[in-house]
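I opened my notebook to record what I look up in this structure. My entries are short and go one topic at a time.

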Protein chains: 2
Amino acid sequence: MGNVGEKKNKIRKVEGQPSKNLMAERRRRKRLNDRLSMLRSIVPKISKMDRTSILGDAIDYMKELLEKIHTLREDDNVKDEIKDIKFVGNFKELKPNEALVKKPPKFEVERRNEDTRIEICCSAKPGLLLSTVSTLEALGLDVQQCVISCFSDFSLQASCSEAREHRTILSGEDVKQTLFKTAGFGGRCL
Amino acid sequence: MGNVGEKKNKIRKVEGQPSKNLMAERRRRKRLNDRLSMLRSIVPKISKMDRTSILGDAIDYMKELLEKIHTLREDDNVKDEIKDIKFVGNFKELKPNEALVKKPPKFEVERRNEDTRIEICCSAKPGLLLSTVSTLEALGLDVQQCVISCFSDFSLQASCSEAREHRTILSGEDVKQTLFKTAGFGGRCL
DNA sequence: CAAAACACGTGACAC
DNA sequence: TGTGTCACGTGTTTT
């Protein structure tokens, strides 16, 4: 519209606005980051801490869940699976590029003072949960919070506290290697 | 740290850098926005077009999917158990007011053929998690999903699947009692 | 004009 | 050494 000679009609409130807009923007950023870490906390598979990766992993996880639901629905209806068995495998697989790609096992241990964060994501094996928990116990780590998911891979995220005077004895790297070996992997973790 | 002479060691490349960093930042922003609209596209329920709302809706949707999976598992099993239903639910209620008791340990096991839901909430004890997981393993229950919280009390919610041919061997009540004893409680669980 | 959401360029930091 | 990511404050647009 016809602004009167003042091209500063957008800049004229430079003194009054900023503090308000600034705080609003800060709150907005905080909300968004909170939601982001919230999303990260419920997605078992986290390849990286990138915002982009978090979203990507969340998307993958959702697809995975949808796939799971479909298979569950199918299994539900396939009471007559017997006859299908002989036909199976002919042209059923042949997924181009999906979850087939084997991801390298992920073992991460982050130690901060008395708090230890553990993140494991690897192929599922029988007894893996038990041996992992047992190892944690043996290392003097009390599980404070833990989320486990075994839909496709074995995924464990835990935050532990030091049980006794173990804090100076072992490093995060020690914990990591011990868990790695416990999980049945031979060599050294990357 | 206290660099003395050259405080410009960070500003010296003001002329050379910006265009590159600028482009990188643009690409990053684009990638993030792409992922965001991707997420928005696969989430059916979209309350608003806000970035924050999109993430929130995505989170809700994921929880919804997880819940769906549980109910699907149950429904699948319910089909085979319709005939058994007539025997249950006779004396199930009778919980008028129990808030007076400080900490009634809670042990609940709900078994439907291949799916078993376990819920434990009791006072924390050292080694309780390990013994519980160990017991589950011994009972032939594979933990599919699990959330553990040990802040004040010990709280465990898990959904398991039958590992092998244990399904007919033990009942939900058996599992419950076994877990109860494992947790260090003497008598019989109510 | 206001309140909220977004896009932008920049400095800082990590690998 | 640089390349990528994040937080920040600000300008611009939308409600």
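**Entry 1: the core**

Which residues does A:I118 touch, not counting residues up to four places away in sequence? I noted that this is a predicted model before I looked. My list for A:I118 holds A:E108, A:V109, A:L136, A:L141, A:L156, A:Q157, A:A158, A:C160, A:V175 and A:L179. I then looked at the largest nonpolar core, which has 52 residues. A:I118, A:I148 and B:I118 touch the most other members there. I also found a second, separate core of 27 residues. Among its members are A:L36, A:L39, B:L55 and B:L65.

**Entry 2: chain A as a whole**

I counted 5 helices and 4 strands in chain A. Along the sequence I read the pattern α-α-α-β-β-α-β-β-α. Chain A has 190 residues, and 33% of them are buried. I also looked up contacts in chain A with a separation of 6 or more. Residues 24 or more positions apart account for 54% of these.

**Entry 3: confidence in chain A**

How far can I trust chain A? Its mean pLDDT is 73, and 69% of its residues reach 70 or more. Confidence is lowest in helix α3 (residues 81–85) of chain A, with a mean of 40. Helix α4 (residues 128–138) of chain A is where confidence is highest, at 92.

I marked two stretches of chain A. Over residues 1–12 of chain A, pLDDT stays under 50. The model has 1 contact beyond four places in sequence for that stretch. Over residues 79–101 of chain A, pLDDT also stays under 50. For those residues I found 4 contacts beyond four places in sequence. I note a caution: where pLDDT is low, predicted coordinates should not be read in detail.

**Entry 4: the DNA**

Which residues come nearest to DNA strand D? I found 16 residues around the strand, and A:R26, A:R29, A:R51, B:R28 and B:R31 come nearest. The surface near DNA strand D divides into 1 nonpolar, 4 polar and 11 charged residues. I then turned to the atoms of DNA strand D within 4 Å of the protein. Of these, 62% belong to sugar or phosphate, and the rest belong to bases.

Next I looked up single contacts. The side chain of B:K20 has an N or O atom 3.2 Å from a phosphate oxygen of DNA strand D. B:R27 has a polar side-chain atom 3.4 Å from a phosphate oxygen of DNA strand D. For B:N21, a polar side-chain atom lies 3.2 Å from a base oxygen of the strand. The elements that give two or more residues to this surface are α1 (18–42) of chain A and α1 (18–42) of chain B.

**Entry 5: a serine in chain B**

Is B:S53 buried or exposed? I placed B:S53 in helix α2 (residues 51–81) of chain B. B:S53 counts as buried because its relative accessibility is 14%, and the cut-off is under 20%. B:S53 touches B:S47 and B:K48, not counting residues up to four places away in sequence.

**Entry 6: helices and the glycines after them**

I checked helix α3 (residues 128–138) of chain B. Its buried residues are B:L128, B:L129, B:S131, B:T132, B:V133, B:T135 and B:L136. What covers them includes α4 and β3 (141–149) of chain A. From chain B, the cover includes β2 (115–122), β3 (141–149), β4 (154–162) and α4 (172–182). B:G140 follows α3(B), and its phi is positive, near 80°.

In chain A, I found A:G140 in the loop between α4 and β3. A:G140 is buried, with a relative accessible area of 4%. The C-alpha atoms of A:G140 and A:C160 are separated by 9.4 Å, and these residues are 20 residues apart along the chain.

I also looked at helix α5 (residues 172–182) of chain A. A:G172, A:V175, A:K176, A:Q177, A:L179 and A:F180 are buried there. Just after α5(A), A:G184 has a positive phi of about 95°.

**Entry 7: an isoleucine in a loop**

Where is A:I169? A:I169 lies in the loop between β4 (154–162) and α5 of chain A. A:I169 counts as exposed because its relative accessibility is 60%, and the cut-off is over 50%. The C-alpha atoms of A:I169 and A:L139 are separated by 9.7 Å. Those two residues are 30 residues apart along the chain.

Technical notes
Residues numbered from 1 in each chain as written. Chains lettered and ligands numbered in written order. Heavy atoms only, no water. Near = heavy atom within 4 Å. Polar contact = N/O pair within 3.5 Å; in protein donor to acceptor, adjacent residues only side chain to side chain. Nonpolar A, V, L, I, M, F, W, Y, C, P; charged D, E, K, R; others polar. Buried < 20%, exposed > 50% of the residue type's maximum accessible area, 1.4 Å probe, protein only. Contact = heavy atoms within 4.5 Å. pLDDT = per-residue confidence, 0-100. Core = buried A, V, L, I, M, F, W, Y, C linked by side-chain atoms within 4.5 Å.
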